[in-house]
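Colleague: I've got a chain open on my screen and I'd like to talk it through with you. Could you take my questions one at a time?

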Amino acid sequence: MSGEAVIVGAEIAAGHDGSAELVLRLRYPNGGEGVIVLEAEKGLELMAVCGAAHLEELAGQSWRRLLEGTCST
């Protein structure tokens, strides 16, 4: 495994206000896992940056992809 966290799973969930959110599961180099929740708009931006048409295609992507293309003003 590389020296950085990678996305190992993704699913759509309802947020506290009922809107859709993208829940990402990350695996860290030490084998631990964590969860990141993105608003729908940011989730769609992540999928575009990764060239993913389906959630399964996010698996294996570096966590750094979260930073790409999400800094628009």
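Colleague: Let's start with β1 and β2. How many bridges join them?

Modeller: Keep in mind that this is a predicted model. Strand β1 covers residues 6-14 and β2 covers residues 20-27, and the pair runs antiparallel. Val6 has Arg27 as its bridge partner, while Ile7 is matched with Leu26. The bridges between β1 and β2 number eight.

Colleague: And in the hairpin of β1 and β2, which residue takes a positive phi?
Modeller: Five residues sit between the two strands there. The one you're after has its phi near 90 degrees, and that's Gly18.

Colleague: Moving along, how many bridges join β2 to β3?
Modeller: β3 spans residues 33-39 and runs antiparallel to β2. One of the pairs puts Arg25 opposite Val35 in β3. As for the bridges between β2 and β3, the count is seven.

Colleague: What about the turn of the β2 and β3 hairpin: which residue has a positive phi?
Modeller: This hairpin also has its strands joined through a turn, with five residues between them. The phi in question is about 95 degrees, and the residue is Gly31.

Colleague: Now the helix. Which residues of α1 are buried?
Modeller: Here the cut-off matters: buried means under 20% relative accessible area. The cover over these residues of α1 includes β1, β2 and β3. Within α1, residues 40-50, the buried set is Gly43, Glu45, Leu46, Met47 and Cys50.

Colleague: Just after α1, which residue takes a positive phi?
Modeller: Look right past the end of the helix, where phi comes to about 70 degrees. That residue is Gly51.

Colleague: Zooming out, in what order do the elements of the chain run?
Modeller: The chain has one helix and three strands. Reading from the N terminus on, the order is β-β-β-α.

Colleague: With that layout, what is the radius of gyration of the chain?
Modeller: For 73 residues the globule rule gives 11 Å, and the chain's value is close to that, so the chain is as compact as a globular protein of that length. Along the principal axes, the C-alpha atoms fill a box of roughly 35 × 25 × 25 Å. The radius of gyration itself is 12 Å.

Colleague: How much of the area the chain exposes do carbon and sulfur atoms supply?
Modeller: On the burial side, 32% of the 73 residues count as buried. The chain exposes about 4,600 Å². Of that area, the share from carbon and sulfur atoms is 54%.

Colleague: And the charges: how far apart do the centres of the positive and negative sets lie?
Modeller: There are 5 positive and 11 negative side chains in the chain. The centres of those two sets are separated by 8 Å.

Colleague: Last one: is Glu4 buried, partly exposed or exposed?
Modeller: Glu4 belongs to the segment before β1. Beyond its neighbours within four places in sequence, Glu4 has contacts that include Arg27, Pro29 and Trp63. Buried would need under 20% relative accessible area and exposed over 50%. Glu4 comes in at 22%, so the call is partly exposed.

How values were computed: Residues are numbered from 1 along each chain as its sequence is written. This is a predicted model: local features need pLDDT of at least 70, side-chain atom pairs count only at pLDDT 80 or more; totals for chains, interfaces and linings use all residues. Side-chain values use heavy atoms; hydrogens and water are left out. Two strands pair if DSSP finds at least two bridges between them. Helices (H or I, at least four residues) and strands (E, at least two) are DSSP runs, numbered from the N terminus. Buried means under 20% relative accessible area, exposed over 50%, partly exposed in between (1.4 Å probe, protein chains only). Contact means heavy atoms within 4.5 Å. The radius of gyration is taken over C-alpha atoms; the globule rule is 2.2 Å times the number of residues to the power 0.38. Accessible areas come from the Shrake-Rupley method with a 1.4 Å probe; for residues, only the protein chains shown count as cover. Lys and Arg count as positive and Asp and Glu as negative; His and the chain ends are not counted. The place of a charge is taken as NZ of Lys, CZ of Arg, CG of Asp or CD of Glu.
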